[in-house]
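Here's a quick briefing to read with the model open beside you. Take a look around first, then come back for the notes.

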Amino acid sequence: MTHLKTGLSALALLAMSGAAQAADVTLALSSWLPPRHPIVVNAIKPWAKQIEEVTEGRVSVRVLGKPLGSPPSHFDMARDGIADITYGLHSFTQDDRFSGAQLGQFSFLGDDAIGASEAFWTVYTEDLNARAEHDGTHLLGLFVHGPGLLHNNVRKIETPADLSGLKIRVPGGYVAALTEDLGATPLFMSSPEVYEKLSRGVIDGVAFTYEALTAFKLTDDIKYSMTVPGGLYNTSWFLVMDQDKWDEIPQQDQAAIDAISGAAFARLVGQAWNDADLAAEAAITDAGVDLYPAPDAVVDAVRTAAGKHERTWADSLPEGEDGAAALARLRAMTGVETLATQ
């Protein structure tokens, strides 16, 4: 009898051990930014480490050294289970599935990536049905980068006419239409493609942040960098997990992961953007690039074109979604609501 009890106890322990082992989940995160990019180093990887900490090791995230696909394919890769977790730009998809996400792409959204990212997460999820637009995935994060600039190697932009004919790389979305309205020729390409195209003269300039100019080693090929208060434009980003993989995670660990994601991740990645922009601004100046504020006439031209696109976007949203109110709420949260209407 004693031997029977001992045998049963051993079987029970083995079963419990097997159950605990089965409950462990390892997630693969496909990362397409350069491995030493400040967002990877100071946001993506720290967040991945936090997941292991808050789940007491039951869930771990492996950030892959090489992406599993092209940058524009990353949302579909998570939705289709090719990768467990992905991040990327909504505008890279080049279709209208993320219509509400354009909220985070307009001009004059703010100079602080923390406040703008928190506001984008809050307003897009609460007012514009973000989760439905990311169907097939579990939405972990939404964020924007710091203020977008216009960099070029042809001439200083002193009047709106100076933009005429310039071939400018854009990340798709709103800024493509904006630059075209301003007289430039927008060319879509993902960030890693820019260095080659700029050095070969395929493009004259690029719509990028401060940090991207240094992260993608472009300072030798850029002569002029124009700033706009609150940003010439911005880009909206997602962080998502395959829904089927999410469903494998126990509820208590799901709750722990959600607690460090969402608004918390917006603050984390916003701080990473801010720090990177600050360091890059100094590096840009040291490299001899002419960093200057847009003249009033250029800001006025941006404001006029931006207003037209904002109204068109707001009118295109599904019934029940008030784009104008959402954009006003976001700008109120970032403290730049007067910039778009001055």
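What follows covers the sheet, the aromatic pairs, one tryptophan and the nonpolar cores.

Keep in mind that this is a predicted model. Its open sheet has 5 strands in mixed pairing, and by the ring-pairing rule there are 16 aromatic pairs. There's also a nonpolar core of 51 residues, the largest one, with another core of 49 residues lying apart from it.

**The sheet**

- Reading across, the strand order is β2-β1-β3-β10-β4.
- The edges belong to β2 (59–63) and β4 (137–144); each has a single partner strand, so one side of each has no neighbour in the sheet.
- On average, neighbouring strands are turned by 20° against each other, ignoring direction.
- Helix α4 (residues 113–127) packs on this sheet, where it touches β4 and β10 (236–242). The direction of α4 makes about 140° with that of β4.
- Strands β1 (residues 25–30) and β3 (residues 85–89) run parallel and are joined by 2 bridges. Leu 29 stands opposite Ile 85 in β3.

**Aromatic pairs and a cluster**

- How do the rings of Trp 32 and Phe 92 sit against each other? Their centres are 5.7 Å apart and their planes are at 45°, so this pair counts as tilted.
- That pair links distant parts of the chain, 60 residues apart: Trp 32 is in the loop between β1 and α2 (38–54), and Phe 92 is in the loop between β3 and α4. Both Trp 32 and Phe 92 are buried.
- Phe 75 and Phe 98 make an edge-to-face pair, because their planes are at 85° with ring centres 5.0 Å apart.
- Phe 75 lies in helix α3 (residues 74–79) and Phe 98 in the loop between β3 and α4, so the pair ties together parts 23 residues apart in sequence.
- Phe 75 counts as buried at 2% relative accessibility, and Phe 98 is buried too, with a relative accessible area of 6%.
- One aromatic cluster takes in Trp 32, Trp 47, Tyr 87, Phe 92, Phe 143, Phe 188, Trp 237, Phe 265 and Trp 273.
- Over at Tyr 292, the charged end of Lys 156 sits over the ring, 4.9 Å from its centre.

**Trp 47**

- Trp 47, a member of that cluster, lies in helix α2 and counts as buried at 0% relative accessibility.
- Leaving out residues up to four places away in sequence, Trp 47 touches Leu 29, Ile 85, Leu 140, Leu 239, Ile 260, Ser 261, Phe 265 and Leu 268. Leu 29 and Ile 85 are the two residues standing opposite each other in the sheet.
- Trp 47 and Trp 273 are 226 residues apart along the chain, and their C-alpha atoms are separated by 15 Å.

**The nonpolar cores**

- Which residues of the largest core touch the most other members? They are Leu 103, Phe 120, Tyr 124, Leu 142, Met 226 and Trp 313.
- The elements giving two or more residues to this core include α3, α4, β4, β10 and α13 (323–334). Helix α12 (296–316) is also on that list, and α12 supplies the largest share, 7 residues.
- Beyond its neighbours within four places in sequence, Leu 142 is in contact with residues including Phe 120, Tyr 124, Trp 237 and Ala 266.
- The other core has Ile 85, Met 189, Ile 257 and Trp 273 among its 49 residues.

Methods
Residues numbered from 1 in each chain as written. Predicted model: local features only at pLDDT ≥ 70, side-chain atom pairs only at ≥ 80, totals over all residues. Heavy atoms only, no water. Pairing = 2+ DSSP bridges. Helix = DSSP H or I, 4+ residues; strand = E, 2+ residues; numbered from the N terminus. Axes fitted to C-alpha atoms, helices over the stretch in contact; angles between N-to-C directions. Contact = heavy atoms within 4.5 Å. Phe/Tyr/Trp six-rings, centres within 6.5 Å; stacked < 30°, edge-to-face > 60°. Buried < 20%, exposed > 50% of the residue type's maximum accessible area, 1.4 Å probe, protein only. Lys NZ or Arg CZ within 6 Å of the ring centre and 35° of its normal. Core = buried A, V, L, I, M, F, W, Y, C linked by side-chain atoms within 4.5 Å.
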